[in-house]
Amino acid sequence: MLELRNITKRFGAVLANDKVNIVVKPGTIHAIVGENGAGKSTAMRIAYGFYKADEGEILVDGKVHDIGTPHDAIAVGIGMVHQHFMLVDTMTVAENIVLGAEPGSGIALDFAKADVEIRRLSEEFKLAVNPHAVIEHLSVGQQQRVELLKALYRHARLLILDEPTAVLTPQEVEEFFSILRRMREQGKTVVIITHKLTEVLAISDEVTVMRDGRVVGRLQTKATNAAELARLMVGREVLLRVEKTPAKTGNAELSVRNLSVTDRGGANSVKDVSFEVRKGEILGIAGVEGNGQTELMEALAGLLSPSQLSGEIRVEDRDITREGARLRRELGIAHIPEDRHRRGLLLEFDLAENSILGVHYRHPIVAYAGTFLDNGAIRRRAVEIIEGFDVRPANPDLPARALSGGNQQKLIIGREFKVDPKLLLVSQPTRGVDIGAIEFIHRKLVGLRDSGCAVLLVSAELEEVTSLSDRLLIIHEGRIVGEVDPRVATIAEIGLLMTRGH
Amino acid sequence: MTEIFSIALIWSTIRLSTPLILAALGGMFSERSGVINIALEGMMLAGAFAAASVTHAVGNPFVGVLAGMAAGLVIALIHAVACINYKADQVVTGTAINILMIGMPAFLSGAFFLSSGSTPQIPKENLIALTPMAIAFVLILITLATWYALYKTPFGLRLRSVGENPEAADAAGVRVARMRYVGVLLSGVLAGVAGAYISIGQSSLFTRNMTSGRGFIALAALIFGKWRPVQTMLACLLFGLTEAVTIQMQGVVKLPSGEDIPVQFIHMVPYLLTIIVLAGFIGSSRPPKAIGIPYQKER
């Protein structure tokens, strides 16, 4: 169906694809796996005409095609669903689906005809969605269905899906997989880009493994396993499970009582939440993204206005509900934010400057009677963090922008660990981070907990929260709806709490 | 007070709103495609000057209006090339165009008419006689046409998508740069007509900087009207009404001491209203999401 032959693509000095050969057989589900930056998305974006390859050719149904724009790709029957949905939030489902391929004449858009066609496709592939709903009011799962419909509406025979399950709940993933199987039955071909090995094994027929811009393995799914795939992806043996000893917990470090957060819009994103985090334990919070986790963490880190908060936040015995971020940091609270670009780093600043954020006004960073930054001290701190957390490239003068997501994350984690926190607030610690680095970050988090720090962990990765946490709370629509023991609870059980709320 | 609120006020409101509506609807095409058009003022000045000069030279006001449209188009083309091809900052480019268009007519009128910024008076028989009814009719027609184009045609769907999320539009096979070009050029044409109306509709010659900020008021109306055609037209009518009232107020409304209010103060009213409206309503008005951001494909 689709064949990439000797595709090479450079972005500046970076070789993103190096003579990549991928063969996708018709009527199969083909997985492309690899770490971030391995070149999987680049290769598929080339197939979809989003990028132009420097060398190599694309074959569709055995014939060479010059695919320079998405327009060309659509014309030969290739559709793509991107990791970040390509939908116009303020428009309706129908408008998004027909955009660029509108029915009717040039002067009048025939929405009636579009409706009929959309309903027919939703029936055929069991993709229920209301054509008149506005995108921003839909859940991510529904938005994904719109993306699939968009491709099907354009008569795509081959669908490329870039990390399609990253935003779904466990139940939604199951449903999504049955949709993919239905598509295969109807004769469609599916390419799924992912780095989740369990999913590869669950859904695909064949696998192509990429590393550092090259294809390093072509396998039949039936004939492989997670350990082999991980080894191919990373290039060495990887420990897939978190190893930890039982927690030795002390007194409560953080206690939250009846905390509610009011948004700018006046709605409550966190509703009457109470819990404690004890010294020496990792308390996990699981939930579908957008259920108040972000606001809860920002409230605890002191990033919201006190007027938005009601209830009480205490650290040890001090009420800090109305205190700002600086005082909270001085009390030993460290924060690893979910969005490292927005909250975690100044991308244009170099690593040395980024490594002192939060302590930039204190001794020993500020010397000479509190007036000047001490460059020597800054560099020493930066080098300690870079070496201690294996940040690469190990050059404190590089701008943070130049690092990969995983290395940016290691820098932030190193910086926050460096202040010897009593309480660590950490959100999505391994989002967009490679398997090798995930293993490293997990080990560091467990190490910090073993040294007596209280850790509050929010993650959208269920496997991550269940394997790291000593206790696990489930959040749904801003409320804590249950606590489970992560050692015994099943993924299905937790998933049900996450979506239903009870 | 009855002297102010009369049927004449309605006609006057329509007359004064006309250039605002034309320019604001033009601005809508540009901004809905994602390109900020602060250059409306400059495009109007270009249209006003070209219309007056050509009407004077040819003797035919219809040719003059066409010339106004063409002038607006040329200025819009400069804006489009800078903002879309060269990804220049749209506010800076627009400001540069506005400044250029204050000087350019003055320079050209010096060359053509040996004057310092004005064109010669055009005789009455060479102007289009416009009745308020006819104008009102045309305005409603243009507003409805804009609404239809924006919401009921493939063109409008693509234009809006490009202004909201150009990546999504691109992925759906819409040519982003082309749509933005069309949006900006349309704004130039409409602003050109607006300018022509000011010089050869409301007046009979071009005078230096004669739009006096109406391009910006049109922009304010566009924001106040939430980038929607009918609301924007209504916002323009509000600004037009304010201007009409201030004209009628001159010499009529007096201070308690019996003296006239200085005319300069009365002239401030429409601009003050603009500031108040923008300060008060801008929060509730949601601009196209990708406005002001050049579209870059490979990152």
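## Contacts and overall build of chain A

In this predicted model, residues that lie 24 or more positions apart account for 68% of the contacts in chain A that have a separation of 6 or more. Chain A contains 17 helices and 22 strands. Its radius of gyration is 24 Å, close to the 23 Å that the globule rule gives for 502 residues, so chain A is as compact as a globular protein of that length. Measuring sticks aside, the C-alpha trace of chain A spans about 70 × 50 × 45 Å along its principal axes, and buried residues make up 44% of the 502 residues in the chain.

The domain assignment divides chain A into domain 1 (2-234), domain 2 (242-332 + 420-502) and domain 3 (344-419). Taken over C-alpha atoms, the centres of domain 1 and domain 3 of chain A are separated by 39 Å.

## A covered strand and the nonpolar cores

Strand β6 of chain A, residues 78-81, is covered on both faces. On one side A:I78 and A:M80 are buried, and on the other side A:G79 and A:V81 are buried as well. This strand, β6(A), pairs with strand β7 of chain A, residues 158-162, in the parallel sense over four bridges, and within β7(A) the residue A:L161 is the bridge partner of A:V81.

Which residues touch the most other members of the largest nonpolar core? In this core of 148 residues, they are A:A47, A:I160, A:V191, A:V455 and A:L457. When neighbours within four places in sequence are left aside, A:I160 is in contact with A:M44, A:A47, A:Y48, A:I78, A:M80 and A:V191, and among these partners A:I78 and A:M80 belong to one side of strand β6(A). Apart from the largest core lies another core, of 64 residues, which includes B:L20, B:M43, B:V189 and B:A235. In soluble globular proteins, nonpolar side chains tend to be buried together.

## An antiparallel sheet and a buried alanine

Chain A also holds an open sheet of four strands in the order β12-β11-β14-β15, with antiparallel pairing. The edge strands of this sheet are β12 (268-278) and β15 (318-319) of chain A, each of which pairs on one side only. Strand β11 of chain A (residues 252-262) and strand β14 of chain A (residues 309-315) run antiparallel and are joined by six bridges, and the partner of A:L254 in β14(A) is A:V315.

Helix α9 of chain A, residues 293-301, contains A:A299. Is A:A299 buried or exposed? A residue is counted as buried when 20 or more other C-beta atoms lie within 10 Å of its own, and A:A299, with 25 other C-beta atoms within 10 Å, is therefore buried. Not counting residues up to four places away in sequence, A:A299 touches A:L259, A:V261, A:V270, A:L304 and A:L309. The C-alpha atoms of A:A299 and A:L309 are separated by 7.5 Å, although these two residues are 10 residues apart along the chain.

## Chain B, built from helices

Chain B has 11 helices and zero strands. With 299 residues, a compact globule would have a radius of gyration near 19 Å, and chain B, which has 19 Å, agrees with this. The C-alpha trace of chain B spans about 65 × 45 × 35 Å along its principal axes, and 47% of the 299 residues of chain B count as buried. Of the contacts in chain B with a separation of 6 or more, 78% are accounted for by residues 24 or more positions apart.

## Where the two chains meet

How many residues of chain B are in contact with chain A? There are 17 of them, and they are in contact with 21 residues of chain A. Helices α6 (154-164) and α7 (166-171) of chain B each supply at least two residues of the side of chain B that touches chain A. The residues on that side of chain B divide into seven nonpolar, four polar and six charged.

Helix α6(B) is largely enclosed by the rest of the structure, because nine of its 11 residues are buried. Among these buried residues are B:P154, B:L157, B:R158 and B:L159, as well as B:E164. What covers the buried residues of α6(B) includes α3 (93-98) of chain A, together with α1 (7-32), α5 (132-152), α7 and α8 (176-202) of chain B.

Terms used. Residues are numbered from 1 along each chain as its sequence is written. Chains are lettered from A and ligands numbered from 1 in the order in which they are written. This is a predicted model: local features need pLDDT of at least 70, side-chain atom pairs count only at pLDDT 80 or more; totals for chains, interfaces and linings use all residues. Two residues are in contact if their C-beta atoms, placed from the backbone, lie within 7 Å. Ala, Val, Leu, Ile, Met, Phe, Trp, Tyr, Cys and Pro count as nonpolar, Asp, Glu, Lys and Arg as charged, and the others, Gly among them, as polar. A residue is buried if 20 or more other C-beta atoms lie within 10 Å of its own, exposed if 12 or fewer, and partly exposed in between; C-beta atoms are placed from the backbone. Domain bounds come from an automatic or database domain assignment. The radius of gyration is taken over C-alpha atoms; the globule rule is 2.2 Å times the number of residues to the power 0.38. Two strands pair if DSSP finds at least two bridges between them. A nonpolar core is a set of buried Ala, Val, Leu, Ile, Met, Phe, Trp, Tyr and Cys residues joined through C-beta atoms within 7 Å.
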